[in-house]
Amino acid sequence: MALDKDTIAKRIAQELKNGFYVNLGIGIPTLVANHVPPGIAIEFQSENGVMGMGQFPFEGEEDADLINAGKQTITTMPGASFFDSAVSFSMIRGKHIDLTVLGAMEVPENGNIANWKIPGKMVKGMGGAMDLVASAENIIVAMMQVNKRGESKLLKRCSLPLTGIKCVKKIVTELGVYEIIPEGFLLVEYAPGVSIKTIKNATEGTLIVSDNLKEMSFS
Amino acid sequence: MINKEVRNVAAALEGVEDGMTLMLGGFGLCGIPENSIGALVEIGVKNLTCISNNAGVDDFGLGLLLQKKQIKKMIASYVGENAEFERQMLSGELEVELTPQGTLAERCRAAQAGIPAFYTPAGCGTEVAEGKETREFKGKMHVLETAYEADFSIVKAWKGDEAGNLIFKGTARNFNPAMCGAGKITIAEVEELVPAGSLDPNQIHIPGIFVNRIFQGAKFEKRIEQRTVRSK
């Protein structure tokens, strides 16, 4: 069965390693914070100026001066720090962030990413995404593989304006886990109960099935 | 001590005229100079170019200036929360320059620091880099971005003193520090203005040299854009 968004986040959380500073984008990536494996130390950065972001506040304890990049009210963890936007992007551009998880509208098989603009239609802007994808060395895309019209978002080529080039390393969707290799999308894991045929039908770009293919495991 | 205090928002905004470029701090509605924005609506200056990470929401922040069609051009990184903004942009009434967030911050900081331009990898290979000089460093392409030029920087801080020294709170810091001293004149509105000597010099985030005018805002609504809570 295809995963729900929270389970996609749970699978991505398995990529977290002890000592990682992590930037989570808006949407599915935000949910990753709920699934940090026990026994490891992680600090979450929000690019609007906080390292060591905690959970949402209890009702009545919201602080207008304490939000994340999605403008949601948050709390901080012991050891947290605040800083200005220029310093925040020094962390990002200077490759001090160990893992970046973000959403996408389209990912083509060369590892480009488009997630900021639909010409003539949606105008939201790139926010910090272009800075993140241009500098991060460890980028995971979290997204639904098929859009609302039933079309694949894992493509041969992007049709939308790009956010960054040749930057995506790994993609986790409701159907599988993929790595970008020179030949295309390497399927390394499938969601429990999802057939390879279903995955092939949902992948417009070149799909290569790994020799070490396995089912995702959630212990 | 060089005293930067002005008596109110009107005195702080003296000299702001039609067609000027303003840099305004804030991320979403967090840490925006809301007293100054309110006064800009009242003064009615038009054809402004505004440099700010976001464009507010329909009825707060820079959205108030958009409603009155006072903004000619907006330079921002993310504008997704504002329906009127989207309408004006798609209809061509409003000129928009979308810039990567880190580049926006650094273009402010560069102006503050007297650095005319810098190279960044952000936006390479995308439409953001179109028409800009690019150069390879260590095997990777970078794009040349220039420092912003603004007539006024308008920022919001938590506490300030008569000398213009500023302390920010939480994530309301965001773009405010990098904008101080980046425009020709910097206006700081603060929640609490105290006499010189009341703030510990060790705790100052922005030294008063970067601030030309400081005043205590009459009232801060500090609206929350996405109130998100968990249950006990």
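Colleague: In which sense do strand E5 and strand E7 of chain A pair, and over how many bridges?

Modeller: In this predicted model, residues 99-102 of chain A form strand E5 and residues 139-142 form strand E7, and the two pair in the parallel sense over three bridges. To read the register, one takes a residue and looks for its bridge partner. For Thr100(A), the partner in E7(A) is Ile139(A).

Colleague: What is the order of the strands in the sheet of chain A?

Modeller: The sheet is open, has 10 strands and mixed pairing, and follows the order E4-E3-E2-E1-E5-E7-E9-E10-E11-E12. Its edges are strand E4 (76-82) and strand E12 (207-215) of chain A, each of which pairs on one side only. With direction ignored, neighbouring strands of this sheet are turned against each other by 25 degrees on average.

Colleague: How is strand E11 of chain A connected to strand E10, and how does the chain cross to E12(A)?

Modeller: Strand E10 (residues 176-181) of chain A pairs with E11(A) in the antiparallel sense over six bridges, and a hairpin of two residues joins them. Glu179(A) has Leu186(A) in E11(A) as its bridge partner. On to E12(A), the arrangement is parallel, with five bridges; here Glu189(A) stands opposite Lys214(A). The connection from E11(A) to E12(A) passes through helix H5 (residues 196-201) of chain A, and this β-α-β crossover is right-handed.

Colleague: Is strand E11 of chain A mostly covered or mostly uncovered?

Modeller: Mostly covered: of the seven residues in E11(A), residues 184-190, six are buried. Among the elements against which the buried residues of helix H1 of chain A pack are E10 and E11.

Colleague: Which residues of H1(A) are buried, and against what do they pack?

Modeller: The general idea comes from helix geometry. An α-helix has 3.6 residues a turn, so residues three or four places apart point the same way. In H1(A), residues 5-13, the buried residues are Ile8(A), Ala9(A), Arg11(A), Ile12(A) and Ala13(A). They pack against helix H2 (28-31), E5, E7, strand E9 (170-172), E10 and E11 of chain A.

Colleague: Where does helix H3 of chain A lie, and how many of its residues are buried?

Modeller: H3(A), residues 85-93, lies across strand E1 (20-24), strand E2 (42-46) and strand E3 (50-53) of chain A, and runs at about 125 degrees to E2(A). Seven of its nine residues are buried, so H3(A) is largely enclosed by the rest of the structure. The buried set consists of Ser85(A), Ala86(A), Ser88(A), Phe89(A), Met91(A), Ile92(A) and Arg93(A).

Colleague: What is found at the start of H3(A), and which residue with a positive phi follows H3(A)?

Modeller: At the start, a side-chain oxygen of Asp84(A) comes to within 2.7 Å of the backbone nitrogen of Ala86(A). After the helix comes Lys95(A), with a positive phi near 60 degrees.

Colleague: Which residues of chain B have a positive phi without being glycine?

Modeller: The background is as follows. Most residues other than glycine have a negative phi. Two cases in chain B may be read together. Lys69(B) has a positive phi of about 55 degrees and is placed in the loop between helix H3 (63-67) and strand E3 (71-76) of chain B. Asn174(B) has a positive phi near 30 degrees and lies in the loop between strand E9 (166-167) and helix H6 (176-179) of chain B.

Colleague: Are Lys69(B) and Asn174(B) buried or partly exposed?

Modeller: Lys69(B) is partly exposed, because its relative accessible area is 45%. Asn174(B), by contrast, is buried, because its relative accessible area is 0%.

Colleague: Which residues does Thr126(B) contact beyond its neighbours in sequence?

Modeller: Thr126(B) is in the loop between strand E5 (117-120) and strand E6 (134-137) of chain B. Leaving aside neighbours within four places in sequence, Thr126(B) contacts Met130(A), Leu162(A), Thr163(A) and Gly164(A). A polar atom of its side chain lies 2.7 Å from the backbone oxygen of Gly123(B). Thr126(B) counts as buried because its relative accessibility is 6%.

Colleague: How many disulfides are there over all chains, and why does Cys167(A) not form a bond with Cys158(A)?

Modeller: The test is whether two cysteine sulfur atoms lie within 2.5 Å. The count over all chains is zero. The closest cysteine sulfur to that of Cys167(A) belongs to Cys158(A) and is 9.6 Å away, so the distance is too far for a bond. Cys124(B) is likewise in no disulfide, and its nearest cysteine sulfur, that of Cys167(A), is 12 Å away. Both residues count as buried, Cys167(A) at 4% relative accessibility and Cys124(B) at 10%.

Definitions and conventions
Residues are numbered from 1 along each chain as its sequence is written. Chains are lettered from A and ligands numbered from 1 in the order in which they are written. This is a predicted model: local features need pLDDT of at least 70, side-chain atom pairs count only at pLDDT 80 or more; totals for chains, interfaces and linings use all residues. Side-chain values use heavy atoms; hydrogens and water are left out. Two strands pair if DSSP finds at least two bridges between them. Helices (H or I, at least four residues) and strands (E, at least two) are DSSP runs, numbered from the N terminus. Axes are lines fitted to C-alpha atoms, for helices over the stretch in contact, and angles run from 0 to 180 degrees between N-to-C directions. Contact means heavy atoms within 4.5 Å. Buried means under 20% relative accessible area, exposed over 50%, partly exposed in between (1.4 Å probe, protein chains only). A crossover is right-handed if, with the strands pointing away from the viewer, the path from the first strand over the helix to the second runs clockwise. A polar contact is a pair of N or O atoms within 3.5 Å; within protein, one must be able to donate a hydrogen and the other to accept it, and residues adjacent in sequence count only if both atoms are side-chain atoms.
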